[in-house]
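I opened my notebook to look at helix geometry, empty space and one serine. Here is what I looked up, in the order I went.

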Amino acid sequence: MAESISFSRTGDRAAIYVEIAPQIRALVQGEPDITANLANIAAVLKEAFGFFWVGFYLKKDGQLVLGPFQGPLACTRIDIGKGVCGTAFEKRETLVVPDVDEFPGHIVCSSASKSEIVVPFFNGNGEAAGVLDVDSDKVDDFSGIDADGLGEIALIVSEVLSGKNL
Ligand code: SME
């Protein structure tokens with residue numbers, strides 16, 4: 001397993017997503033433990049982009065439960081259909097929220113969080129299994145570039161959940 005990742009320091013997010021996606025694929029290749037894989041993916045995303053908060057919620061017993069993350073402490077449980085995470089999970093689609101104060105029902109884990117993107121991922125049966133959540137302390141910090149780039153990362157998570165990385 002690689003001990004470090006390499007990526008350009010230009011701040012060009014589109015380029016960085018292209019650089020890190022294959023490295024994340026290599027990182028999870030052959031590793032069956034989902035917690036270990038999600039922990040490393042969160043670490044790579046934090047290191048590459050410096051996101052304020054980045055992490056995972058996983059569906060357990062009918063709720064979304066906090067998984068591996070990097071950043072300040074976060075809400076432990078989110079009901080499906082609630083907040084940005086629960087809504088993206090229920091709709092099975094990526095949500096980009098430019099200003100969290102404008103999102104009805106947004107769940108405040110940190111008052112410093114100003115914008116957010118949430119991308120669902122799926123298990124081998126095609127059922128939503130959880131979400132990748134990224135928060136920024138700046139308003140309007142996420143675009144279609146992040147939706148595409150994080151969508152690719154969420155696809156890798158779906159592959160891990162299906163055992164396609166083994
Ligand atoms: N704001 C999210 C909750 C999760 S935290 O931001 C880490 C939401 O509304 O679902």
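**Entry 1, a helix.** I started with helix 1, which runs over residues 13–28 and so holds 16 residues by the DSSP runs. From first C-alpha to last, helix 1 reaches 22 Å, close to the 22 Å expected at 1.5 Å a residue. I kept in mind that I am reading a predicted model.

**Entry 2, its bend.** Where does the kink in helix 1 lie? I found it at Ile20, with a bend of about 25 degrees, shortly before the proline Pro22.

**Entry 3, its buried side.** Next I listed the buried residues of helix 1: Arg13, Ile16, Tyr17, Ile20, Ala21, Ile24, Leu27 and Val28. Ile20, the residue at the kink, is thus on my buried list too. I then asked what covers these buried residues. The cover includes helix 2 (34–49) and helix 4 (144–161).

**Entry 4, the largest pocket.** I moved on to open space. About 220 Å³ lies in the largest pocket. I counted 12 lining residues, and Ala2, Ser4, Ile5, Leu27 and Val44 lie nearest the centre of the pocket. Helix 1 and helix 2 are the elements that give two or more residues to this lining. Helix 2 provides the largest share, 4 residues. Leu27 turns up twice in my notes: it is a buried residue of helix 1, and it is among those nearest the pocket centre. By class, I noted 7 nonpolar, 3 polar and 2 charged residues in the pocket lining.

**Entry 5, the enclosed space.** How many cavities of 30 Å³ or more does a search of the whole structure find? My search gave 1. The volume of the largest cavity is about 170 Å³. Its lining has 18 residues, and Ile107, Cys109, Glu116, Asp133 and Asp135 lie nearest the centre. Strand 1 (53–60), helix 3 (83–91) and strand 6 (128–136) are the elements that give two or more residues to the lining of this cavity. Helix 3 makes the largest contribution, 3 residues. I sorted the cavity lining into 11 nonpolar, 4 polar and 3 charged residues.

**Entry 6, one serine.** Last, I went back to helix 4, where Ser158 lies. Is Ser158 buried or exposed? Ser158 counts as buried because its relative accessibility is 11%, and the cut-off for buried is under 20%. Leaving out residues up to four places away in sequence, I found that Ser158 touches Phe121 and Phe122. That closes my page on helix 4, the helix that I had already met among the cover of helix 1.

How values were computed
Residues are numbered from 1 along each chain as its sequence is written. This is a predicted model: local features need pLDDT of at least 70, side-chain atom pairs count only at pLDDT 80 or more; totals for chains, interfaces and linings use all residues. Side-chain values use heavy atoms; hydrogens and water are left out. On a 1 Å grid over the protein atoms alone, a cavity is a set of points where a 1.4 Å probe fits but cannot get out, and a pocket is an open set with protein on both sides within 12 Å along at least five of seven lines; lining residues have an atom within 4 Å of a point. Grid points are joined across faces, edges and corners, and a volume is the space filled by probe spheres set on the points. Ala, Val, Leu, Ile, Met, Phe, Trp, Tyr, Cys and Pro count as nonpolar, Asp, Glu, Lys and Arg as charged, and the others, Gly among them, as polar. The expected span of a helix is 1.5 Å times one less than its number of residues. The bend at a residue is the angle between axes fitted to the seven residues ending there and the seven starting there. Buried means under 20% relative accessible area, exposed over 50%, partly exposed in between (1.4 Å probe, protein chains only). Contact means heavy atoms within 4.5 Å.
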